[in-house]
Amino acid sequence: MTTSGITNINAKLIHQHPDNPRKDLGDLTELSESIKKKGIMQNLTVVPGHWDENRAHHDEGYTLIIGHRRFAAGKMAGVTMYPCRIVEDMSYKDQVGTMLEENMQRIDLTVLEQAEGFQMMLNLGDTEEQIAEKTGFSRTTVHRRLEIAKLDRDLVKEKTDENGAYQLNLKDLAQLSRIEDVETRNQILKNAADSRQIQWKVEAEIKNREREKNKKIIVELLEAAGIKKATKEIERKRYTEEVKDKKSIPLDKEPPEELNIHGTNLFWLESWDGICVVEKLPRKPKEETEWDKQQKKNKELEALQKKWMPEDNRLSG
């Protein structure tokens, strides 16, 4: 890249960069008043050519790289000529990278603007370490902002709106980043009414995913041991004499390395506290009651009576 000295350029020839990461230039009133009194105290940085509204590039004019706020405030103050340094042969990546590095130093950037800026730098090929080095932020902060950039932008804006009922904060965003699945993060953010709800929804989701992971491991161990999932019939008879509980395996603890379960006709089923292994017992013979015994005796007596009663009496009866 080659740069010129400071050259005065007419405002009509200077164009805003279409990919300036700083979409909102903020309140320019104070800066504009200062420019009215003192003029432009610091030069702009521009590159030759510009993009039109259809993103077509033209050789005429210049595109702003550094000084978007000064340029906009100057226009409010009626400035027509700007001191500019012209940089030749600056690649698109270097243009965006330069704007990002300048913007990332600003203290008035929102967390979302920082996050989107870091994401653009990542997209341009920088690593987290390089972003941290270029912007002066810690590697941890860069990583957390990149996690924020994965969230639904409209949702984040809605939850951070100054006029909104709920103000999303950095602690909330850090909580959400504990969940790997971005779609789930967005769903929690959408449904949460306050910070407390975000926290308990995140905790519940993490606990549920941990239980599902443990369940998968346990079921694989059970299937490898030849223990099949219980049928509906076995589930219905669980609390009868035909089914016996053998072992309960909790899902909120580290799965055991060995099952150590002995028995025949073993099955597993889900219960409120985890996975339960049950044994289907042989059906016991029906126990004879006193009433059954009496009925049996009555039938035996009837049979004897029929056997010894004279045939003509049986006919007359």
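A cavity is a set of points, on a 1 Å grid over the protein atoms alone, where a 1.4 Å probe fits but cannot get out. Points are joined across faces, edges and corners, and a volume is the space filled by probe spheres set on them. In this predicted model, a search of the whole structure finds one cavity of 30 Å³ or more.

The model is predicted: local features need pLDDT of at least 70, side-chain atom pairs count only at pLDDT 80 or more, and totals for chains, interfaces and linings use all residues. Residues are numbered from 1 along each chain as its sequence is written, and side-chain values use heavy atoms, without hydrogens and water.

| Feature of the largest cavity | Value |
|---|---|
| Volume | about 40 Å³ |
| Lining (an atom within 4 Å of a point) | Glu233, Ile234, Lys237, Glu242, Val243 and Lys280 |

Four lining residues are charged (Asp, Glu, Lys or Arg). Two are nonpolar (Ala, Val, Leu, Ile, Met, Phe, Trp, Tyr, Cys or Pro).

What is the radius of gyration of the protein? Taken over C-alpha atoms, the radius is 39 Å. The globule rule (2.2 Å times the number of residues to the power 0.38) gives 20 Å for 317 residues, so the protein is more spread out than a compact globule. Its C-alpha trace spans about 140 × 40 × 35 Å along the principal axes. Of the 317 residues, 35% count as buried (under 20% relative accessible area, 1.4 Å probe, protein chains only).

Ile14 touches (heavy atoms within 4.5 Å) Ile9, Leu44, Tyr62, Leu64, Phe71, Tyr82 and Cys84, leaving aside residues up to four places away in sequence.

Key
On a 1 Å grid over the protein atoms alone, a cavity is a set of points where a 1.4 Å probe fits but cannot get out, and a pocket is an open set with protein on both sides within 12 Å along at least five of seven lines; lining residues have an atom within 4 Å of a point. Buried means under 20% relative accessible area, exposed over 50%, partly exposed in between (1.4 Å probe, protein chains only).
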